[in-house]
Amino acid sequence: MDELLWQKIDEEEPIPDHIRERMEECRRKGMEVIDEKYIKRPSMIQGIRDAGVINTGVLDEVAKLIKPGMRTSEIDDIVREYTHAHNAVCAPYKYEGFHKSVCTSVNSEVCHGIPSRLCRLKDGDIVNVDCTTILNGYYADASRMFMIGNVSPERKRLVEETKKCLEIGIEAAQPWNTVGDIGYAISKYARSRGYSVVRELGGHGVGLEFHEDPFVAHVGSRHKGMVLVPGMVITIEPMINAGKAAVTIDPYNGWTIYTKDRSDSAQWEHTILITETGNEILTY
Ligand code: MF3
Ligand code: CO
Ligand code: CO
């Protein structure tokens, strides 16, 4: 966002005094507190909420059309066409050299799978579709898992428990808790189900840019890390592996992350707003 517009918003919609004071109090106690430029003001929140509506529409459209035999490049077409038809833009396209509009990560692919004409979804596959939408300059980021045809009970359980991990993470994302509380809650649950949690990648601040501070690890310790201040907009996007936690990057395309042991991996993602009383999911 350009500097002048930002200054105008800062004057017209200042951070409320009681929130500023509580941030200062946290700082005095030695807690990590986010830079004020990442605290979203009402007009920005509305912008991100509107982007979230399109983002949800995109994923609903994918849900309607996805089927066995479909190429992942066709998912890219669906996402791009729906997004453009709603006057929005796909954030992945040309992002740091990524050349598709969405990420499609199948089975042992953890994230950043590149849609391809050569990749056909077959009966029994699980696939994550991760879609980030820009509307009027505001970003919303969400992903879902899709089960293709008849999926094994093991894969179904992984998909469902990973969704539960996201829900548990959201529940932990209360105002004046910390990012560490989110990671702690998610990893505790995932491990109790016999799964491992990817550490190298995580959620992030989002809204005016694709990836903002803070980094939202899905492992962590209670009361540690950045404080969650009302007005922060972050993603939670746990990547949960059936086998070991270690991951590796595709040496050929430089993007796709796989599990090192080639075990299955699942991920769900929402963009949420921290409010004074809890949080609001902006990608429903
Ligand atoms: N949407 C991913 C996330 O949740 C980022 C994808 S970056 C891309 O943060 F370039 F691969 F699209
Ligand atoms: Co995403
Ligand atoms: Co994200």
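Me: In this predicted model, which residue lies over the face of Trp-268, and at what distance from the ring centre?
Reply: The model is a predicted one, and in it the ring of Trp-268 has a lysine over its face. That residue is Lys-163, and its distance from the ring centre is 4.9 Å.

Me: Over which ring does the charged end of Arg-262 sit, and how far from the centre?
Reply: Here an arginine supplies the charge, with the charged end of Arg-262 placed over the ring of a tyrosine. The ring is that of Tyr-258, and the distance from its centre is 4.7 Å.

Me: Which residues are the protein donors of the cobalt ion (ligand 2), and at what distances do they lie?
Reply: Along the chain, the donors of this ion follow the spacing D-x10-D-x127-E. Asp-130 is listed twice through OD, Asp-141 gives an OD atom and Glu-269 an OE atom. The distances of these protein donors from the cobalt ion (ligand 2) run from 2.1 to 2.5 Å.

Me: What is the arrangement of the 6 donor atoms around the cobalt ion (ligand 2)?
Reply: The angles subtended by the 6 donor atoms range from 57 to 166°. Six donors count as octahedral only if opposite donors are over 155 degrees apart and all others lie between 65 and 115. Because the angles go down to 57°, the arrangement is irregular.

Me: Which residue bridges the cobalt ion (ligand 2) and the cobalt ion (ligand 3), and how far apart do the two ions lie?
Reply: The bridging residue is Asp-141, and the two cobalt ions lie 3.3 Å apart. Asp-130 belongs to strand β4 (residues 126–135) and Asp-141 to strand β5 (residues 138–147), so this pair ties together parts that are 11 residues apart in sequence. As for accessibility, Asp-130 is buried at a relative accessible area of 10%, and Asp-141 is also buried, with a value of 2%.

Me: How many aromatic pairs does the structure hold, and why does the pair of Tyr-95 and Phe-210 count as tilted?
Reply: The structure holds 3 aromatic pairs. In the pair formed by Tyr-95 and Phe-210, the ring centres are 4.6 Å apart and the planes meet at 55°. Planes under 30 degrees apart count as stacked and those over 60 as edge-to-face, so an angle of 55° makes this pair tilted.

Me: Is Tyr-95 buried or partly exposed, and is Phe-210 buried or partly exposed?
Reply: Ring pairs link Tyr-95, Tyr-139 and Phe-210 into a cluster. The relative accessible area of Tyr-95 is 23%, and this residue is therefore partly exposed. For Phe-210 the relative accessibility is 10%, which means that this residue counts as buried.

Me: Which residues of strand β9 point one way and which the other, and are they buried or exposed?
Reply: In β9 (residues 233–236), Val-233 and Thr-235 point one way, whereas Ile-234 and Ile-236 point the other way. The strand pairs with β14 (residues 270–274) in the antiparallel sense over 4 bridges, and Val-233 stands opposite Leu-273 in that partner strand. On either side of β9, these four residues are all buried.

Me: How far apart in sequence are the parts that the salt bridge of Glu-36 and Arg-20 ties together?
Reply: A search of the whole structure finds 15 salt bridges, and in one of them the side chains of Glu-36 and Arg-20 meet at 2.9 Å, N to O. Glu-36 lies in the loop between α2 (17–28) and α3 (42–65), while Arg-20 lies in helix α2, so the parts tied together are 16 residues apart in sequence.

Me: By how much of a helical turn are Glu-160 and Lys-156 separated?
Reply: The side chains of these two residues meet in a salt bridge of 3.3 Å, N to O. Both lie in helix α5 (residues 153–172), and because they are 4 residues apart there, the separation is about one helical turn.

Me: Which strands stand at the edges of the open sheet β6-β10-β13?
Reply: The 3 strands of this open sheet pair in the antiparallel sense; β6 and β10 (residues 239–241) do so over 2 bridges, with Val-197 opposite Ile-240. Each edge strand has a single partner, so one side of each is left without a neighbour in the sheet, and these strands are β6 (196–197) and β13 (265–267).

Note on methods: Residues numbered from 1 in each chain as written. Chains lettered and ligands numbered in written order. Predicted model: local features only at pLDDT ≥ 70, side-chain atom pairs only at ≥ 80, totals over all residues. Heavy atoms only, no water. Donors = N, O, S within 2.8 Å, 3.2 Å for Na, K, Ca; no water. Tetrahedral: all angles 85-135°; square planar, octahedral: opposite > 155°, others 65-115°. Buried < 20%, exposed > 50% of the residue type's maximum accessible area, 1.4 Å probe, protein only. Phe/Tyr/Trp six-rings, centres within 6.5 Å; stacked < 30°, edge-to-face > 60°. Lys NZ or Arg CZ within 6 Å of the ring centre and 35° of its normal. Pairing = 2+ DSSP bridges. Salt bridge = Lys/Arg side-chain N within 4 Å of Asp/Glu carboxyl O.
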